[in-house]
Amino acid sequence: MKYAWPWELSRSGVLNMNRRNISYIGRYNQRKFYKRVDDKLITKQLALANGIAVPDLIGVVHQQHKIQEIPTMVLDRTGFVIKPAKGSGGKGIMVITRVSNGCYYKPNGHEVTHSEIYRHVSNILSGLFSLGGKPDVAIVEGLIEFDPVFEGLSYEGVPDIRLIVFKGFPVMGMLRLSTAASDGKANLHQGAVGVGLDIATGNSLHAVQFDLPVDKHPDTHFPLSNIVVPHWETLLHTASSAYEMCELGYLGTDMVLDKNKGPLLLELNARPGLTIQIANGRGILPRLKHVEAMKSSTMSVEERVAYAKKHFCSNPIF
């Protein structure tokens, strides 16, 4: 494994955790607005009020005795997702991709019994997966229909697109692909593949798994060097719009592509991780400084997206 000196990372424009927390999250994210992104139910309600597409909201379970209503909620569904409103890092998310004769099945084909669902939702309500261990609510939402453009790219899970938005400008992006190691989840620290994306075009630039470069998906063996994310313009506009919606200056937006509905906003993050720099093979700091140095703060969403495409484009480094 290759190591780098701190001064080498600094010279490459890599943003470290302390500087991110103090100079960007602490400076540009007002604490009073955190609940708009830390609570996924509030995020979903805000998105709907602002005309941003999100996965269907089937129902919300607030109390233990309401858990038994879930089978009725999902009666006509072919699949559904249960997630904690205040969870993080993908913890506590249960994905059911098939419902057959009253039985539920995960993406890997394993059956999930009613008692397992009851126990899982009960754990969510008790705060097992929530930030700070506080009591939570369970969101039941519609299953995302996998867009076939990503066929073969991911193992079991649905690929998602993360964009870092600073003061309304999308400054860096990556595609996250689940793997067998990540258990079908799209979290890089759990073993998912991160593919850096060109802000101008949505083309792949570089890819990593466990912080090491890869050129093929480890399970599907799909080449990662020529990926073009469709609906790129819409994804950039949705991410940029989230700035006005939640009023946080430094923000991570996670989105997916549904084959019928197109781009859908999954969630927002007030403390997005820094592995996006590794996936892109370059530091984010020069782009953040560029935006900070700009005097005008009255650009529209369309103007910010056009500006970002022009100034934050990159060359592939595969």
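Here is a short walk through this predicted model, one selection at a time.

**Stop 1: the two domains**

Start by colouring the chain by its domain assignment. Select 13-38 together with 148-312 for domain 1, then 56-142 for domain 2. If you place a marker at the C-alpha centre of each, the two markers sit 26 Å apart. Now look at where the domains meet: 8 residues on the domain 1 side are in contact with 10 residues on the domain 2 side.

**Stop 2: the annotated span**

Next, select residues 44-295. An unreviewed UniProt entry annotates this stretch as "domain: ATP-grasp". Click on the C-alpha atoms at its two ends and you'll find them 32 Å apart. In cartoon view, 29% of the span is strand and 21% is helix.

**Stop 3: H2 against H9**

Now pick out two helices, H2 (residues 17-28) and H9 (residues 285-293). Their axes are 13 Å apart and meet at an angle of about 30°. Angles under 35 degrees count as roughly parallel, so that is the label for H2 and H9. Show side chains to see who does the touching: H2 brings Arg19, Tyr24, Arg27 and Tyr28, while H9 answers with Leu285, Leu288, Lys289 and Glu292. Colour that H2-H9 contact by class and you get 4 nonpolar and 4 charged residues, with no polar ones. The crossing here is left-handed.

**Stop 4: H7 against H10**

Move on to H7 (residues 232-246) and H10 (residues 301-311). This pair packs at about 120°, and the axes lie 9 Å apart. H7 and H10 are therefore oblique to each other. Which way does H7 cross H10, left-handed or right-handed? The crossing is right-handed. To light up the contact, select Glu233, Leu236, His237, Ser240, Ser241, Tyr243 and Glu244 on H7, plus Val301, Glu302, Arg304, Val305 and Lys309 on H10. Sorted by class, the H7-H10 contact holds 5 charged, 4 nonpolar and 3 polar residues.

**Stop 5: Tyr307**

Stay on H10 and zoom in on Tyr307, which sits in that helix. What does Tyr307 touch, once residues up to four places away in sequence are set aside? Its partners are Phe169, His290, Met294 and Met299. For a last distance check, pick the C-alpha atoms of Tyr307 and Cys246: they are 21 Å apart in space, with their positions 61 residues apart in sequence.

Methods
Residues numbered from 1 in each chain as written. Predicted model: local features only at pLDDT ≥ 70, side-chain atom pairs only at ≥ 80, totals over all residues. Heavy atoms only, no water. Axes fitted to C-alpha atoms, helices over the stretch in contact; angles between N-to-C directions. Helix = DSSP H or I, 4+ residues; strand = E, 2+ residues; numbered from the N terminus. Parallel < 35°, antiparallel > 145°, perpendicular 65-115°, else oblique. Left-handed = near helix turned anticlockwise from the far one by under 90°. Contact = heavy atoms within 4.5 Å. Nonpolar A, V, L, I, M, F, W, Y, C, P; charged D, E, K, R; others polar. UniProt positions renumbered as here; feature names shortened; annotations may be inferred. Domains from an automatic or database assignment.
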